[in-house]
Amino acid sequence: MPTATSPPAPVNRDVPLVGRQALEGPYVLLTFRHPEVAGRARAGQFVMIKAGTVAEPLLRRPFSVMSVTPRDDTFTLFLKVVGPGSRALADLRSADTAGCLGPLGRPFTLPPEDHEALLVAGGYGIAPFVLFSEELRRAGRRSRVFYGGRTAADLQLRAPFDSGEAPLACSTEDGSLGHCGRVTEPLSTHLDRRGGPATIYACGPDAMLHAVAALAAERGVSAQVSLDPWMGCGVGTCLGCVVRIQRSEDPRAKYRCACTEGPVFDSRDVLWPGEVSSRARRESAAVRG
Ligand SMILES: Cc1cc2nc3c(=O)[nH]c(=O)nc-3n(C[C@H](O)[C@H](O)[C@H](O)COP(=O)(O)OP(=O)(O)OC[C@H]3O[C@@H](n4cnc5c(N)ncnc54)[C@H](O)[C@@H]3O)c2cc1C
Ligand code: FES
């Protein structure tokens with residue numbers, strides 16, 4: 001039974017595809033009509049979606065809401081085709097439908113007013129930062145984007161940051177675009193040089209999130225990370241998405257559903273592979289801002 005404070009329930013719909021833009025390589029932008037996702041989704045939230053006519057895969061897949069256009073009742077996804085679910089979505093044509101449940105999960109929260117927001121993305125992890133940059137701009141917060149991938153071909157979503165309001169620093173491991181190396185390197189340099197307090201937001205592969213969390217702890221900066229576990233239902237019933245989380249009030253780590261309690265978590269609370277407790281890290285990292 002919803003309470004006065006619980007968020008509105010996600011809405012399940014068969015949604016028509018109303019826009020499709022193929023990018024280079026395995027990347028595509030898909031726009032669907034879904035009034036509730038368009039009207040309510042906040043950055044970091046996601047949908048569970050599956051192309052309407054395919055038998056395989058059986059289950060819907062999670063994708064971050066990249067942007068919304070409430071006046072048209074539409075939202076857009078940024079997809080990397082990696083397997084059958086993403087392939088079937090990418091193959092949809094105009095007016096084809098998909099089964100879509102959303103918006104789901106807990107979004108990123110705005111930084112304190114005087115903080116610069118540092119958005120760190122790996123590969124398709126850039127998707128939620130298009131919407132988040134817009135939310136930050138509307139709230140009058142300064143932001144900066146660090147976007148990393150293996151090669152330039154992996155950095156397909158640069159156009160939304162062309163206005164320069166949120167300066168974009170690209171990194172590639174082969175040096176084909178921007179800084180040659182990992183995305184955490186220009187982030188680390190910026191943390192050394194910044195003139196004021198900052199909050200980090202990260203979305204991408206686990207190894208990158210772990211590295212960002214370690215850097216944030218070392219520099220005493222708070223960070224929110226959007227985790228990327230396997231998800232089967234998106235609503236807390238299959239337990240396929242559990243992650244180990246230890247909040248300040250928890251004496252020991254608990255398994256929590258990333259779909260309902262995340263996917264965005266405070267980086268100090270996440271237990272990464274090989275860690276026994278996040279408590280020592282949390283206590284050693286007094287947040288200086
Ligand atoms: C909250 C959330 C938001 C997401 N947002 C986006 C997004 O905006 N854009 C986007 O392109 N993808 C996003 N993903 C990842 C996306 O859900 C998976 O790529 C998708 O489930 C793949 O489905 P598939 O059937 O195409 O491939 P599958 O058959 O499920 O997988 C194909 C291959 O990809 C690997 N794989 C599958 N899922 C993942 C994963 N989560 N991480 C690493 N490897 C994986 C599998 O091991 C396999 O090798 C998100 C995931 C989560 C949890
Ligand atoms: S995806 Fe099923 S419980 Fe989270």
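**Exercise 1. The antiparallel sheet**

Determine in which order the seven strands of the antiparallel open sheet are arranged, and which strands stand at its edges.

*Solution.* Step 1. In this predicted model, the strand order of the open sheet is 4-3-7-1-2-6-5, and its seven strands pair in the antiparallel sense.
Step 2. The edges are occupied by strand 4 (61-64) and strand 5 (67-69); each has a single partner strand, so one side of each has no neighbour in the sheet.
Step 3. From one strand to the next, the twist averages 40 degrees.
Step 4. Helix 3 (residues 127-138) packs on this sheet and touches strand 4, strand 5 and strand 6 (74-80). The direction of helix 3 makes about 55 degrees with that of strand 5.

**Exercise 2. Strand 7 and its partner**

Describe the pairing of strand 1 with strand 7 and locate the cis peptide bond that involves Pro103.

*Solution.* Step 1. Strand 1 (residues 11-22) pairs with strand 7 (residues 97-104) through six bridges, in the antiparallel sense.
Step 2. Within strand 7, Gly99 is the residue opposite which Asp14 stands.
Step 3. Pro103 also belongs to strand 7. The peptide bond between Gly102 and Pro103 is cis, with omega about -5 degrees.
Step 4. The loop between helix 2 and strand 7 contains Ala95. Although Ala95 is not a glycine, its phi is positive, at about 75 degrees.

**Exercise 3. The surroundings of ligand 1**

State how many residues surround ligand 1, and characterise the shell by element and by class.

*Solution.* Step 1. The shell holds 22 residues, and the closest are Arg61, Gly83, Gly85, Ser86 and Ala127.
Step 2. At least two shell residues come from each of strand 4, strand 6 and helix 2 (84-90).
Step 3. By class, the shell comprises 14 nonpolar, four polar and four charged residues.

**Exercise 4. The mixed sheet**

Give the strand order of the mixed sheet, identify its edges and examine the pairing of strand 12 with strand 13.

*Solution.* Step 1. The order of this open sheet of seven strands is 11-10-9-8-12-13-16, with mixed pairing.
Step 2. Strand 11 (179-180) and strand 16 (264-266) are the edge strands, each pairing on one side only.
Step 3. Between helix 6 (258-261) and strand 16 lies the loop that contains Pro263. A cis peptide bond links Gly262 to Pro263, and omega is about 10 degrees.
Step 4. Strand 12 (residues 198-203) and strand 13 (residues 222-226) are joined in the parallel sense over five bridges. Ala223 in strand 13 has Ile200 opposite.
Step 5. Helix 5 lies across strand 8 (116-122), strand 12 and strand 13; relative to strand 13, helix 5 runs at about 170 degrees.

**Exercise 5. The packing of helix 4 on helix 5**

Classify the relative orientation of helix 4 and helix 5, and analyse the residues in their contact.

*Solution.* Step 1. Two packed helices are described by the angle between their axes and by the distance between those axes.
Step 2. For helix 4 (residues 184-193) and helix 5 (residues 206-219), the angle is about 15 degrees and the axes are 11 Å apart.
Step 3. Angles under 35 degrees count as roughly parallel; therefore helix 4 is roughly parallel to helix 5.
Step 4. The handedness of their crossing is right-handed.
Step 5. Helix 4 contributes Thr184, Leu187, Ser188 and Leu191 to the contact, while helix 5 contributes Ala211, Val212, Leu215 and Arg219.
Step 6. Sorted by class, this contact has five nonpolar, two polar and one charged residues.

Definitions and conventions
Residues are numbered from 1 along each chain as its sequence is written. Chains are lettered from A and ligands numbered from 1 in the order in which they are written. This is a predicted model: local features need pLDDT of at least 70, side-chain atom pairs count only at pLDDT 80 or more; totals for chains, interfaces and linings use all residues. Axes are lines fitted to C-alpha atoms, for helices over the stretch in contact, and angles run from 0 to 180 degrees between N-to-C directions. Helices (H or I, at least four residues) and strands (E, at least two) are DSSP runs, numbered from the N terminus. Angles under 35 degrees count as roughly parallel, over 145 as roughly antiparallel, 65 to 115 as roughly perpendicular and the rest as oblique. A crossing is left-handed if the near helix is turned anticlockwise from the far one by less than a right angle, and right-handed if clockwise. Two residues are in contact if their C-beta atoms, placed from the backbone, lie within 7 Å. Ala, Val, Leu, Ile, Met, Phe, Trp, Tyr, Cys and Pro count as nonpolar, Asp, Glu, Lys and Arg as charged, and the others, Gly among them, as polar. Two strands pair if DSSP finds at least two bridges between them. A residue is near a molecule or strand if its C-beta atom, placed from the backbone, lies within 6 Å of it.
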